[in-house]
Amino acid sequence: MASNGTTTTATNGSGGPEIILYTNHGCPWAHRAHIALKELGLSYKEVIIDLDRPREPWYLEINPRGLVPTINYNGDIITESAVVAQFLADAHQSHLLPPTTSVANALYRARVAFFVDAFFSKAMPLIFAGQRAQSEADKDAAAEDLVAVVVKELEPLFNWNNSSPFFGGSDRLTLAEVLTGSFVLRLLALSKPEYGILSPKIGALLDERAPRFKAWAAKVVQEPSVTYIWDEKRVAERTKARFAKLAAEKKL
């Protein structure tokens, strides 16, 4: 099989299914699959897809959309990051998600789904708005809007004992963190003053107005499964370049 990237083998565990992960370490959506695989301890073969080039025919045969991640799981192709993560969590029973064997478990799964939906439908558009902003005033305004949404939509969902830091009072990552962790990582990293991408006021605003969300986020970004493919400087440079290019094209 030809590849437009490099192929490596990750050995998180032994035995189990044969998995090929088609990915790109700079993509936050593909990052979700990495977190899931690491948390589940599954071994996999990795094929890096260069997202800066048109997809080659061999990869479009695997995933006609040309996106990452894709997994080949014992010969079955599964695409789209949320679908991949959900499949892995369902196929390999673990701390990530309980089975739907009771009403209580179904309710827990519904709450995870609601949290993830709220994060992406309410908060992510404002994170992207902050990345697109060109002036400090616009970045700060986007930060205020983002934190207001976090306070309204997400902070109330963190209603468990602080000694259990992850979603729903878990002491280990759940599917909620698998699906949001790569974006939380970028939110906190790209708001550092040295990068000039998101407003540097975000951290202090979250500390003041959404302390439970901030404490959760701070724990998520320390987890090895979230950080093991993370290259903060490279992601920051590429993100800044991407949004600068979009701003320049908009002016044309």
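Author: Before we start, a cavity is a set of grid points where a 1.4 Å probe fits but cannot get out. Please keep in mind that this is a predicted model.

Reader: Thanks! How many cavities of 30 Å³ or more does the structure hold?
Author: Rolling a probe the size of a water molecule over the atoms shows where empty space is left. With the cut-off set at 30 Å³, the number of cavities that the structure holds is 1.

Reader: How much space lies in the largest cavity?
Author: Among the residues that line the largest cavity are Leu126, Ile127, Ala142 and Ile202. The space they help to enclose comes to about 30 Å³.

Reader: Which element supplies the largest share of the lining of the largest cavity?
Author: Two helices each supply at least two residues of this lining, namely α4 (103-132) and α5 (136-154). The largest share is 4 residues, and those come from α5.

Reader: How many residues of the lining of the largest cavity are charged?
Author: The lining includes Leu146 and Leu198, but also Gly130, Lys139 and Ser199. It divides into 7 nonpolar residues and 2 polar ones, and the number of charged residues is 1.

Reader: Let's turn to the open spaces. How much space lies in the largest pocket?
Author: A pocket, unlike a cavity, is an open set of points. The largest pocket is lined by 35 residues, and Asn24, Gly26, Cys27, Pro28 and Leu51 are the ones nearest its centre. Its space is about 920 Å³.

Reader: Which element gives the most to the lining of the largest pocket?
Author: Several helices give two or more residues to the lining, among them α1 (28-40), α3 (81-91) and α6 (175-190). By type, the lining has 19 nonpolar, 7 polar and 9 charged residues. The greatest contribution is 6 residues, from α10.

Reader: Which domains each give at least three residues to the lining of the largest pocket?
Author: The domain assignment splits the protein into one part at 19-91 and another at 103-249. The lining draws at least three residues from each, so to speak on both sides of the split: domain 1 and domain 2.

Reader: How much area do domain 1 and domain 2 bury between them?
Author: The centres of the two domains, taken over C-alpha atoms, are 22 Å apart. Their contact takes 19 residues from domain 1 and 19 residues from domain 2. Of the buried area, 60% is on carbon and sulfur atoms, and the total is about 1,800 Å².

Reader: Which three residues supply more than any other three of the area that domain 1 buries against domain 2?
Author: Together, these three account for 33% of the area that domain 1 buries there. They are His31, Ile35 and Glu39.

Reader: Is the peptide bond from Val68 to Pro69 cis or trans?
Author: Most peptide bonds are trans. Pro69 sits in the loop between α2 (57-62) and β4 (70-73). With omega near 5 degrees, the bond from Val68 to Pro69 is cis.

Reader: What is the phi of Asn74?
Author: Most residues other than glycine have a negative phi. Asn74 lies in the loop between β4 and β5 (76-79). Although Asn74 is not a glycine, its phi is positive, at about 50 degrees.

Reader: How far apart in space are Glu232 and Glu61, C-alpha to C-alpha?
Author: Glu232 belongs to helix α10. Leaving aside neighbours within four places in sequence, Glu232 is in contact with Ala189, Lys192 and Tyr195. Glu61 is 171 residues away from Glu232 in sequence, and the distance in space is 32 Å.

Conventions:
Residues numbered from 1 in each chain as written. Predicted model: local features only at pLDDT ≥ 70, side-chain atom pairs only at ≥ 80, totals over all residues. Heavy atoms only, no water. 1 Å grid on protein atoms, 1.4 Å probe; cavity = no way out; pocket = protein on both sides within 12 Å on 5 of 7 lines; lining within 4 Å. Points joined across faces, edges and corners; volume = space filled by probe spheres on them. Nonpolar A, V, L, I, M, F, W, Y, C, P; charged D, E, K, R; others polar. Domains from an automatic or database assignment. Contact = heavy atoms within 4.5 Å. Buried area = accessible area lost by both parts, 1.4 Å probe.
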